[in-house]
2 protein chains.
Amino acid sequence: MPRSAAALSTLAPQGLPRKDAGLQERRSAETRQVILEATIRCLARHGYSKTTTTLVASEARASRGAMLHHYPTRQALIAATIEYAFYKRMKTFIATIRSLSESDRIERNKGIFLELRSLQSEEYQAYLELHVAARTDPELRDVFFPRAKRYDAVWRDEIAKAFPEWTELGEAFPRACELTRATLEGLMLNRDIWDDPANERVVVELLSRILTMIREGRIEVPEAS
Amino acid sequence: MPRSAAALSTLAPQGLPRKDAGLQERRSAETRQVILEATIRCLARHGYSKTTTTLVASEARASRGAMLHHYPTRQALIAATIEYAFYKRMKTFIATIRSLSESDRIERNKGIFLELRSLQSEEYQAYLELHVAARTDPELRDVFFPRAKRYDAVWRDEIAKAFPEWTELGEAFPRACELTRATLEGLMLNRDIWDDPANERVVVELLSRILTMIREGRIEVPEAS
DNA sequence: TGTTTTAGACAAGCCAGACTGTTTTTCGCG
DNA sequence: CGCGAAAAACAGTCTGGCTTGTCTAAAACA
């Protein structure tokens, strides 16, 4: 199976548990994973600035010394978490997409609902925290945005593979994807404020109809000028 | 002119400069405004957690003592900034909407582009910082969300007044508004990552076409179940 | 034994809020 | 009109708490 350069498999995080490995290495990798999971939880629940090395260690039930052994600085911890969080979210998202029946995927646009669910995961919450923090924190900026752009490329690539029937639409497809993601992310962002599940469902349903109409050519997507 | 309970005028922030007032009160109000502007700048440029009282004071060219005189705690400062930032952004947005020609407003959906520009203001950047921080900071949460919900009501009310020709669509109009805002906010959120002005324009143009089709009844908006 | 992992203490730095002192404005009252 | 006290605005210091990264030492493992 030929893989594009931006495939998900090209960026599996390093240093995580593998079956084949000495006892020590396995133990070490396990600790690292526990720490990364704890970091995601802290980011999602307490925000970026309150995700201190102390808090992460306690959340991971590890000593601070142990943590700083695996991730010498907070930066290193955050960098590893960025990769881990994105990879984990993307992997389950893709897997779920692949498990859809053809009619669910094509006619009922179930992908939207999966994306919406993916945006509710702790991994995305953590990702959003990092994203917003990166806008104003120069150090984090350098760590976050290059990775975020790579992940975006992976996302587009995997989506294209998962929805082959859209490809004949050409540029209309990526634009539809951007529209979808922007809308869903915006919807999630305002969720606590609008606070109306019924209306939210209607908007998502509306988006679904719009996508169908785009696919059927009943809404024309403009070309870049 | 009868005003609805949620009109913008109902929540003009207190304690800001007025022409009629004693010298002391005027001076005081001026200082407060300078401080609030500085806070917005700090939030937009450095983020919530780095917006310290010290930084704000220096940005406002005021002493820390002066600042703590007007806003005894950081909480108080933030609360005042929330109100000020929203009011300021909303006011210029509404004013710009009102200045549109009828054809720009109705046929060309210029409102979308104004909203998009509004989302690029420092006031919105600050607002986003506060919003995201409020999700994880319990104290800020109590201060932010009640206000944010009030502002949302104001926004809906003012939009309804500014686009009278949509009202006959009934519930389709607020849903279209939510779709628009979600999409534009999501677009702004991903701006640094997607980083492609041409594509962004296309998506906005697509959104514009969608809105036109909704208004003309060519896209049916589902009802809440 | 030698290396990896875990544990915990320490110093340096920063921030919020409390505090004291200073200057400017207001206003009552002769 | 003008003087003096009260109040408001402004300035800057101090302390306690928290965080980070470093460092030493012990424990687990190969």
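A:F144 touches five residues of its own chain, namely A:I82, A:Y127, A:L130, A:H131 and A:A134, and also reaches B:I193 in the other chain, leaving aside residues up to four places away in sequence. Keep in mind as you look around that this is a predicted model.

A:F144 and its counterpart B:F144 have the most contacts inside the largest nonpolar core, which has 149 residues. The largest share of this core, 13 residues, comes from α4(A). As a general background, nonpolar side chains tend to be buried together in soluble globular proteins.

Helix α4 of chain A comes up again with α6(A), which spans residues 110-118 and has A:G111, A:I112, A:L114, A:E115, A:L116 and A:S118 among its residues, each of them buried. Here are the helices of chain A that these buried residues pack against:

| Helix of chain A | Residues |
|---|---|
| α4 | 74-98 |
| α7 | 122-136 |
| α8 | 138-162 |
| α9 | 172-189 |
| α11 | 197-215 |

Now to the place where the chains meet. B:N190 sits in the loop between α9 (172-189) and α10 (191-194) of chain B. Is B:N190 buried or exposed? With a relative accessible area of 1%, B:N190 is buried, because that value is under 20%. Its side chain makes a polar contact of 3.4 Å with the side chain of A:E185. B:N190 also touches A:H131, A:R181 and B:D195, again not counting residues up to four places away in sequence.

How do the two copies relate? A turn of 180 degrees with a shift of 0.0 Å along the axis lays chain A on chain B with an RMSD of 0.0 Å. The copies are therefore related as by a two-fold rotation axis. They meet through the same surface, because 100% of the interface residues of chain A are also interface residues in chain B.

Definitions and conventions
Residues are numbered from 1 along each chain as its sequence is written. Chains are lettered from A and ligands numbered from 1 in the order in which they are written. This is a predicted model: local features need pLDDT of at least 70, side-chain atom pairs count only at pLDDT 80 or more; totals for chains, interfaces and linings use all residues. Side-chain values use heavy atoms; hydrogens and water are left out. Copies are superposed by least squares on the C-alpha atoms of residues with pLDDT of at least 70 in both. Contact means heavy atoms within 4.5 Å. Helices (H or I, at least four residues) and strands (E, at least two) are DSSP runs, numbered from the N terminus. Buried means under 20% relative accessible area, exposed over 50%, partly exposed in between (1.4 Å probe, protein chains only). A polar contact is a pair of N or O atoms within 3.5 Å; within protein, one must be able to donate a hydrogen and the other to accept it, and residues adjacent in sequence count only if both atoms are side-chain atoms. A nonpolar core is a set of buried Ala, Val, Leu, Ile, Met, Phe, Trp, Tyr and Cys residues joined through side-chain atoms within 4.5 Å.
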